[in-house]
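Here are some notes on this model, as numbered points. Please read them with the coordinates open.

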Amino acid sequence: MPDSPHIVSDVMTHTAVAVGRDASFKDIVQLMEEWKVSSLPVLEGEGRVIGVVSEADLLPKEGFRDSDPDYVQLDRLPDLAKASAVTAEGLMSSPAVTVHARSTLPQAARIMARRKIKRLPVVNDEGLLEGVVSRSDLLKVFLRPDADIADEITRDIIFPAPVEPVAVTVTDGVVTLTGRIRDATLIPLLVRLVRGVEGVVDVDCRLSGAGAEER
């Protein structure tokens, strides 16, 4: 059976809608509505990502509609600049936060969490757009069948390791490990490796070993 996806290119959307730096405000809004996305990469040349326009970049246009520009607080000046912008070049956040197509899914997830963004442009070595990965794309690994998860753990982790036979069962993504191994110090390592298998929700370790209590 096929293993789970391991890198961003395995789960990303390869057909990504993007705009150029001269795209108008209204065109950007229309594209977001048409494609049901919350942000758009901004490209130049042969497809190099130079920025990203998100809903947050567009909202100041409405937020400052009834405000007096002469009385704007200093910390809101960047929003005021976006409120007056009419093209992607003035609206976009730059440089763009991107992820490489060969990055792992945990790496992409950490970038999204740290930067508080929902979608990442995916680029190649030259910085050219290859696709877009979203939070929902990263969650696809948890749709992986239990049998596939159990097969990978048994084949790639349990079988090659110098341990006694260990039973692996998976229910709704939760892995249960049962059995005895000679070296109890290997138990934390096995659990860590199993947690690293994509699609694993949790690990219920019931392994025991010489000098180790039943877990």
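In what order do the 3 strands E1, E2 and E3 form an open sheet, and what is the pairing? The points below start there; the model is a predicted one.

1. The sheet order is E1-E2-E3, and the pairing is mixed. Strand E1 (19-20) and strand E3 (48-54) are the edge strands, each pairing on one side only. E2 and E3 are joined by 6 bridges and pair in the antiparallel sense. Within that pairing, Val 42 has Gly 51 in E3 as its bridge partner.

2. Helix H1 lies across E1, E2 and E3. Its direction is at about 125° to E2. After H1 (25-35) comes the loop that leads to strand E2 (39-44), and Lys 36 lies in this loop. Lys 36 is a residue other than glycine with a positive phi, near 55°. Is Lys 36 exposed or buried? Lys 36 has 63% relative accessibility and therefore counts as exposed, the cut-off for exposed being over 50%.

3. A further open sheet has 3 strands in the order E4-E5-E6, again with mixed pairing. Strand E4 (99-100) and strand E6 (129-134) each have a single partner strand, so one side of each is left without a neighbour in the sheet. Strand E5 (residues 119-123) pairs with E6 over 5 bridges in the antiparallel sense. Opposite Val 122 stands Gly 131 in E6.

4. Which helix lies across E4, E5 and E6? The helix is H6 (residues 105-115), and it runs at about 135° to E5.

5. One peptide bond should be checked in the viewer. Ser 94 and Pro 95 are joined by a cis peptide bond, with omega about 0°. Pro 95 sits in the loop between helix H5 (88-91) and E4, and E4 is one of the edge strands of the sheet in point 3.

6. Strand E7 (residues 166-171) has side chains that alternate between two faces. Val 166, Val 168 and Val 170 are buried and point to one face. Ala 167, Thr 169 and Thr 171 point to the other face and are not buried.

7. E7 runs antiparallel to strand E8 (residues 174-183), and 6 bridges join the two. Thr 169, on the face of E7 that is not buried, stands opposite Thr 176 in E8. The hairpin of E7 and E8 has 2 residues between the strands. Asp 172 is found in this loop and has a positive phi of about 55° although it is not a glycine. Asp 172 has a relative accessible area of 66% and so is exposed.

8. How do helix H8 (residues 146-158) and helix H9 (residues 187-195) pack? Their axes are 11 Å apart, and the angle between the helices is about 135°. That angle makes H8 oblique to H9, because angles over 145 degrees would be needed to count as roughly antiparallel. The crossing of H8 and H9 is right-handed.

9. On the H8 side, the contact with H9 is made by Ile 153, Ile 157 and Ile 158. On the H9 side, Leu 190, Leu 193 and Val 194 make the contact. By class, the contact has 6 nonpolar residues, with no polar and no charged ones.

10. Which residues of H8 are buried? They are Asp 148, Ile 149, Ala 150, Glu 152, Ile 153, Ile 157 and Ile 158. Ile 153, Ile 157 and Ile 158 in this list are also in the contact with H9. The buried residues of H8 are covered by elements that include E7, E8 and H9. The hairpin strands of point 7 are thus part of this cover, along with the partner helix of point 8.

How values were computed: Residues numbered from 1 in each chain as written. Predicted model: local features only at pLDDT ≥ 70, side-chain atom pairs only at ≥ 80, totals over all residues. Heavy atoms only, no water. Pairing = 2+ DSSP bridges. Helix = DSSP H or I, 4+ residues; strand = E, 2+ residues; numbered from the N terminus. Contact = heavy atoms within 4.5 Å. Axes fitted to C-alpha atoms, helices over the stretch in contact; angles between N-to-C directions. Parallel < 35°, antiparallel > 145°, perpendicular 65-115°, else oblique. Left-handed = near helix turned anticlockwise from the far one by under 90°. Nonpolar A, V, L, I, M, F, W, Y, C, P; charged D, E, K, R; others polar. Buried < 20%, exposed > 50% of the residue type's maximum accessible area, 1.4 Å probe, protein only.
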